[in-house]
Amino acid sequence: MAAMDVADDSGSCHAPEPTPAGGMPPIGRRQENLRQLTELSEAGEPLSKRATKRLARLQFLTSDEGKESKKVQRQHKREKRKHQASLPQLSASTAPTPPRPPLFLTPADAGARAYAFWRRIGAPKRVLAPMVNQSELAFRMLARRHGAPLVYTQMLHSASFAKELSYRQDNFEILEADRPLVAQFCGDDGPTIERAARHLGNLVDAIDLNCGCPQAIAKRGHYGAYLLDEPDLIVTIVRHLSSTVDVPVCVKIRVLPNAEDTLKLALRLQEAGCVILTVHGRTRDKKSRGECDWPAIKAVKDALTIPVIANGGVESPEDWLACLEATGCDAVMSSEGALENPSLFEDTPTTRAGQIVLAEEYLALIREHRPSSAATVKSHVFKLLYMALAEYTDLRSALGSVTSIEDISAVVEQLLARERAAAAASADAYASRCDSTDAPFVSWYRRHRGTGGNEPTGGEEECAEGCAEGRTPQLETD
């Protein structure tokens, strides 16, 4: 008999169809799912891998331990919001101000205006990318500790940010040391993004329009890279923001299949007031796979008079300079490379020994700047300790099943203890670079780049899938 699966908490279903939950509240759906899975298991029916994991999770959530864990999480959230209430509030200037005339800048005027801002933020050469539910404050500070001079926030949903205080509190924290900072918004409506940006006021140095996210959820939500099919809409949004918000406006795009279309869009964005254009050198369909088209990015840089940031293809310290030389860009943005190894910003290559130190630092930072979602922490751990988790499958499974930041930290401490002992016994291997095809271990960055072997499964993909707006796209370098 075929393996069986049932509905999850969100109500989405997998074959075969479960009993309809109708308008059943979440707790009721959870209990119904648990009942169905338990009956199937006790009847000896084969469960799919996903259903087996689902059963274990539901059993945990309904146990005394699970209920206590949830209680602790709620308490931490209350404490965080109480702390945030004592900070400057994200409502500095939400009232509309008289709009300035729409911008139709000449190349010379656009360049002068943009480079004045670029110099004001220090003319950085290296930038941490905006990554869905991964560029939270704790990770931004880890990147800054290792030399990142400019960082972006995680992608923020403009409609939620504009309307919901709880969303703003969960997704943006104020820290004086976290500057210069660019806040990235996704959305398809200029006035909505404007209202969202006004909650930040001058708490950020600029805002960025996400036109790069390639995930299916972005298609359903009509944002990210799917706006690239509507260049007129993107230009309208940027022109509106440039004439209404009080901070500079940046845009992040992907190269289009047709090089001429990419150049046309870039020039129109420059004219509309974009001060920094970030270009990811892979098309929407490629996502983060395949070679990054640096020549295509160079063509954009050569055509514009504003700062251009190249994004994509940075795995090793040598790649920073190689990308700058190949593209002629003003700076290089790292996403997946820095996500696994934020010490890339200080030219430290990826090694298994180095990942131990980075994980220790991240654990300390989440205690100081607690993320609102345990899934965010778990996803970081799966990347920082990818090589270790490939070996210690028992702890990989344990990490996949825990749901609180405290429990995640406890599993990571066990993993780090094993790693320290192994590093002492195999110092040379652990100190070897893992950014080449002959490396002793396969890094997370190289997991789908033709060097496969030790790919963790069962946890990483799930925790990368569901954080913002109820369901967040699997992490990509947008």
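Visitor: Which residues of helix 8 are buried?
Guide: This is a predicted model. Helix 8 spans residues 190–200. Nine of its 11 residues are buried, which leaves the helix mostly covered. The buried ones are G190, T192, I193, E194, A196, A197, R198, H199 and L200.

Visitor: What do the buried residues of helix 8 pack against?
Guide: Helix 8 is mostly covered. Its buried residues meet both helices and strands. The partners are helix 6 (158–163), helix 7 (165–171), strand 4, strand 5 and helix 10 (231–242).

Visitor: Which residue takes a positive phi just after helix 8?
Guide: Helix 8 covers residues 190–200. The residue just after the helix has a phi of about 55 degrees. That residue is G201.

Visitor: What is the handedness of the β-α-β unit that strand 4, helix 8 and strand 5 make?
Guide: Strand 4 (residues 181–186) and strand 5 run parallel, joined by four bridges. Helix 8 is the helix of the unit. The unit is right-handed.

Visitor: Which residue of strand 5 does F185 stand opposite?
Guide: Four bridges join strand 4 to strand 5. F185 also belongs to the largest nonpolar core, where it is among the residues that touch the most other members. Its opposite number in strand 5 is L209.

Visitor: Which residue of strand 6 does L209 stand opposite?
Guide: Strand 5 pairs with strand 6 (residues 249–254) in the parallel sense, over five bridges. L209 lies in strand 5, where F185 also stands opposite it. In strand 6, L209 stands opposite V251.

Visitor: How many residues of strand 5 are buried?
Guide: Take the two faces in turn. On one side, A206, D208 and N210 are buried; on the other, I207, L209 and C211 are buried. Strand 5 is therefore largely enclosed by the rest of the structure, and its buried count is six of six.

Visitor: Which helix gives the most residues to the largest nonpolar core?
Guide: This core has 119 residues, and F185, L269, L277 and L385 touch the most other members. The top contributor gives eight residues to the core. It is helix 19 (residues 405–425).

Visitor: Leaving aside neighbours within four places in sequence, which residues are in contact with L269?
Guide: L269 is one of the residues that touch the most other members of the largest nonpolar core. L277, also on that short list, is among its contacts. So is V251, the residue of strand 6 opposite L209. In full, L269 contacts I234, V235, V238, V251, I253, C274 and L277.

Visitor: Is T327 buried or exposed?
Guide: T327 sits in helix 13 (residues 317–327). Leaving aside neighbours within four places in sequence, T327 contacts W294, I297, K298, K301 and A310. Its relative accessible area is 0%, so T327 is buried.

Visitor: Which backbone nitrogen does the side chain of T327 reach?
Guide: A polar atom of the T327 side chain lies 2.7 Å from the backbone oxygen of C323. The side chain also reaches a backbone nitrogen, at 3.2 Å. That nitrogen belongs to C329.

Visitor: Which residues do salt bridges that share partners join into one network?
Guide: Side chains of opposite charge can pair when their charged atoms come close. E32 and R35 meet in a salt bridge at 2.4 Å, N to O. R35 also bridges to E39, with the closest N and O atoms 2.8 Å apart. The network joins E32, R35 and E39.

Visitor: Is E32 buried or exposed?
Guide: E32 lies in helix 1 (residues 26–42), three residues from R35. R35 has a relative accessible area of 36% and is partly exposed, as is E39 at 44%. The cut-off for buried is under 20%. At 18%, E32 counts as buried.

Visitor: How many residues apart are E360 and R420?
Guide: E360 and R420 form a salt bridge, with the closest N and O atoms 2.7 Å apart. E360 counts as partly exposed at 30%, and R420 likewise at 37%. E360 is in helix 15 (residues 352–368) and R420 in helix 19, so the pair links distant parts of the chain. Their separation is 60 residues.

Technical notes. Residues are numbered from 1 along each chain as its sequence is written. This is a predicted model: local features need pLDDT of at least 70, side-chain atom pairs count only at pLDDT 80 or more; totals for chains, interfaces and linings use all residues. Side-chain values use heavy atoms; hydrogens and water are left out. Helices (H or I, at least four residues) and strands (E, at least two) are DSSP runs, numbered from the N terminus. Buried means under 20% relative accessible area, exposed over 50%, partly exposed in between (1.4 Å probe, protein chains only). A polar contact is a pair of N or O atoms within 3.5 Å; within protein, one must be able to donate a hydrogen and the other to accept it, and residues adjacent in sequence count only if both atoms are side-chain atoms. Contact means heavy atoms within 4.5 Å. A nonpolar core is a set of buried Ala, Val, Leu, Ile, Met, Phe, Trp, Tyr and Cys residues joined through side-chain atoms within 4.5 Å. Two strands pair if DSSP finds at least two bridges between them. A crossover is right-handed if, with the strands pointing away from the viewer, the path from the first strand over the helix to the second runs clockwise. A salt bridge is a side-chain nitrogen of Lys or Arg within 4 Å of a carboxyl oxygen of Asp or Glu.
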